[in-house]
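Welcome, and thanks for taking a look at this one with me. Here are a few notes to read alongside the model.

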Amino acid sequence: MLTRRAFVVSAAASLIAAPALAALPVPATRALAFRIVRKGSEIGSHRLEFQTRGDALTVSIDVEMLVKFGPIPVFRYSHRNLEHWQGGQFVSMEAKTNNDGDAAFASVRRDAGGLVVDGSKSGRYIAPANALAATHWNVAELSGPMINPENGAMLKPTVADKGVETIEAGGRPTKATRYSWRDDGAIDLWYDGEGVWTALAFHAKDGSTVNYERI
């Protein structure tokens, strides 16, 4: 049971921490969920859960995809990711991916010199202190260095603001800013007026379009 003094100190700490946490685009529901659609068929889901405690934020990410040719599975993908923030700053990430049988991982830890990254593609290196994981929920990732959450590699896409569009999200029309991401592939990302991730689209290897539809 908290003493009066401990309660006052705890409450004060929460008030101090709130602005840093409030600056992040955490949805009011503390969750985001997308239906992944290809050629009109649902092939998977992408879900994020946001847990806050004081000025600490943990983002749990779960992605599953399964593509079938008739009853036969022809492609499977799964991604598990745990991302941690403290005082509004990205501090760590642990992620594992299975891309149709190919295993990959990415690990990030902040220390005094920056972000220590180890990944299945990147090996171990120090990323810039302002780098963010390219997990897409935070639009700020588009403004600086990015770390691939699948394999730890640094990403250097060309990003352009394409303006505000009206899209459907959660079953209703929503105004959102579209950003184009271009490197080896092409991704389009949408964020609503509160900066909350709202939609995504990309081209699969076979040229088909894959859309994220917010539930």
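1. Let's begin with a short pairing. In this predicted model, strand β10, covering residues 146-147, runs antiparallel to β11, and two bridges join them. If you want a residue to find on screen, take I147: its bridge partner in β11 is M154.

2. That pair belongs to a wider arrangement. Three strands make up an open sheet, in the order β9-β10-β11, and the pairing within the sheet is mixed. The edges are taken by β9 (132-133) and β11 (154-155); each has a single partner strand, so one side of each is left without a neighbour in the sheet.

3. Next, please scroll back to another pair of strands. Strand β7 spans residues 114-119 and strand β8 spans residues 123-127; the two pair in the antiparallel sense, over five bridges. Together β7 and β8 form a hairpin, with three residues between them. Which residue of β8 is the bridge partner of D118? The partner is R124.

4. As you look along any of these strands, a general point may help: in a regular strand the side chains alternate between the two faces of the sheet.

5. Finally, a stop in a helix. A22 lies in helix α1, which covers residues 4-22. Is A22 buried or exposed? Its relative accessible area is 62%, and exposed means over 50%, so A22 counts as exposed. A22 also makes a nice distance check: A22 and D55 are 33 residues apart in sequence, and their C-alpha atoms are 9.3 Å apart in space.

Notes. Residues numbered from 1 in each chain as written. Predicted model: local features only at pLDDT ≥ 70, side-chain atom pairs only at ≥ 80, totals over all residues. Heavy atoms only, no water. Pairing = 2+ DSSP bridges. Helix = DSSP H or I, 4+ residues; strand = E, 2+ residues; numbered from the N terminus. Buried < 20%, exposed > 50% of the residue type's maximum accessible area, 1.4 Å probe, protein only.
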